[in-house]
Amino acid sequence: MLEATVGLIQVLGHTGAACWSPKSLKSRRKLDVSAFPPVFFLSFFPFTMKTEVFLLALAFTCALAQDEQNAIGELLVESLEKPETCSVLSAMGDTLQIHYTGKLMDGKVIDSSLSRDPLAVELGKRTVIPGLEQSLVGVCEGQKIKATIPSHLAYGKRGYPPTIPGDAALEFEVEVISLIQQTPWQKMVNDVFPLVCLGLVPTLLGMVGLYLYKKAQNPSKKKAKDKKSKKK
């Protein structure tokens, strides 16, 4: 993108200089300006060195901004501080007490827990935005991280007006105050219970279908009995 913009500026600069040379001015005839698109007249603008430098700087800035937006397409997690012993890592189902500060990419703070009690987050319960929850998997107690979260793992296209605009990437600095691992009972409930419920759904549907089928067969049996009684 940057190379194409620089090339366009150079072409326009040389074309402009050629069009405004004395020789070309003498030989120029009256033109029907309505026959040319608006962008054509850019080539007749006399590009000076200052103008080219300004446009080059503008193009460079726009290219950097575009590259930065494209770079935030996936979750980035950076460890800022890690304790010496970090053997117990968080996993889905664990509960963490965290302090956090959330910012927009321009540095504007959108929320912070530093003036409140730590936030309790049970991983897997979706009590926080997906990007923040994912960044808290695999951390240990006492660790500090910085998570750069793309918009589709934050508040998406709608944002959270008026604080967070749509399609906004977010940056969270998080400190893990405590880590409570799930008990075996909790693990069984979290892992096995959903599978049991999923298996029971077809069974319950089958039982309901069987009940309705038998109920639909009863009237026909009663009618048959009534016909036999009348014949007698």
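Here are some short exercises, with worked solutions, on the predicted model shown above.

**Exercise 1: Getting your bearings**

Work out how many helices and strands the protein chain has, and in what order they come.

*Solution.* Start by counting: the protein chain has 5 helices and 6 strands. Next, walk along from the N terminus, and you'll read α-α-α-β-β-β-β-α-β-β-α.

Now for the chain as a whole. It has 232 residues, and 25% of them count as buried. The area it exposes comes to about 16,800 Å², with carbon and sulfur atoms supplying 62% of that. Finally, take the contacts with a separation of 6 or more: 68% of them are between residues 24 or more positions apart.

**Exercise 2: Lining up strands**

Find out how strand 5 pairs with strand 1 and with strand 6, and pick out a pair of facing residues in each case.

*Solution.* Take strand 1 to begin with. Strands 1 and 5 pair in the antiparallel sense, over 5 bridges. For a facing pair, look at glutamate 81, which stands opposite lysine 144 in strand 5.

Then move on to strand 6. Strand 5 is joined to strand 6 by 6 bridges, and these two run antiparallel. Here you can pick isoleucine 145, whose bridge partner in strand 6 is valine 174.

One background point is handy while you look at strands: side chains in a regular strand alternate between the two faces of the sheet.

**Exercise 3: Tracking down salt bridges**

How many salt bridges does a search of the whole structure find? Say which residues form them, and where they sit.

*Solution.* The search turns up 3 salt bridges. Let's go through them in turn.

- Glutamate 78 and lysine 146: their closest N and O atoms are 3.7 Å apart. Glutamate 78 is in strand 1 (residues 76-81) and lysine 146 is in strand 5, so this pair ties together parts 68 residues apart in sequence. Glutamate 78 counts as partly exposed at 40% relative accessibility, and lysine 146 counts as partly exposed at 22%.
- Lysine 144 and glutamate 81: the closest N and O atoms are 3.7 Å apart. Lysine 144 belongs to strand 5 and glutamate 81 to strand 1, so the parts tied together are 63 residues apart in sequence. You met these two in Exercise 2, where glutamate 81 stands opposite lysine 144. Lysine 144 is partly exposed, at 29%, and glutamate 81 is partly exposed too, at 42%.
- Arginine 116 and aspartate 111: their side chains meet at 3.6 Å, N to O. Arginine 116 has 42% relative accessibility and counts as partly exposed; aspartate 111, with 31%, is also partly exposed.

**Exercise 4: Classifying ring pairs**

Find the aromatic pairs and decide whether each is stacked, tilted or edge-to-face.

*Solution.* A search of the whole structure gives 2 aromatic pairs. The cut-offs you need are these: planes under 30 degrees apart are stacked, over 60 edge-to-face, and the rest tilted.

Try tyrosine 100 and phenylalanine 172. Their ring centres are 6.0 Å apart and their planes are at 40°, so the pair is tilted. Tyrosine 100 is in strand 2 and phenylalanine 172 in strand 6, which puts the partners 72 residues apart. Are these rings buried or exposed? Buried means under 20% relative accessible area. Tyrosine 100, at 8%, therefore counts as buried, and so does phenylalanine 172, at 7%.

Now try tyrosine 155 and tyrosine 160. Here the centres are 5.5 Å apart and the planes are at 45°, so this pair is tilted as well. Tyrosine 155 counts as partly exposed, with 34% relative accessibility.

**Exercise 5: Exploring the core**

Which residues of the largest nonpolar core touch the most other members, and which strand gives the largest share of this core?

*Solution.* The core has 24 residues, and the ones touching the most other members are Leu96, Leu132, Leu136, Ile149, Leu170, Phe172 and Val174. Next, check the strands: strand 2 (95-104), strand 5 (144-149) and strand 6 (170-180) each supply at least two residues of this core. The largest share, 5 residues, comes from strand 6.

To finish, zoom in on leucine 96. Leaving out residues up to four places away in sequence, leucine 96 touches Ser90, Leu119, Ala120, Val121, Leu123, Leu136, Val139, Val176, Ser178 and Leu179.

Notes:
Residues numbered from 1 in each chain as written. Predicted model: local features only at pLDDT ≥ 70, side-chain atom pairs only at ≥ 80, totals over all residues. Heavy atoms only, no water. Core = buried A, V, L, I, M, F, W, Y, C linked by side-chain atoms within 4.5 Å. Buried < 20%, exposed > 50% of the residue type's maximum accessible area, 1.4 Å probe, protein only. Helix = DSSP H or I, 4+ residues; strand = E, 2+ residues; numbered from the N terminus. Contact = heavy atoms within 4.5 Å. Phe/Tyr/Trp six-rings, centres within 6.5 Å; stacked < 30°, edge-to-face > 60°. Salt bridge = Lys/Arg side-chain N within 4 Å of Asp/Glu carboxyl O. Areas by Shrake-Rupley, 256 points an atom, 1.4 Å probe, with all protein chains shown as cover. Pairing = 2+ DSSP bridges.
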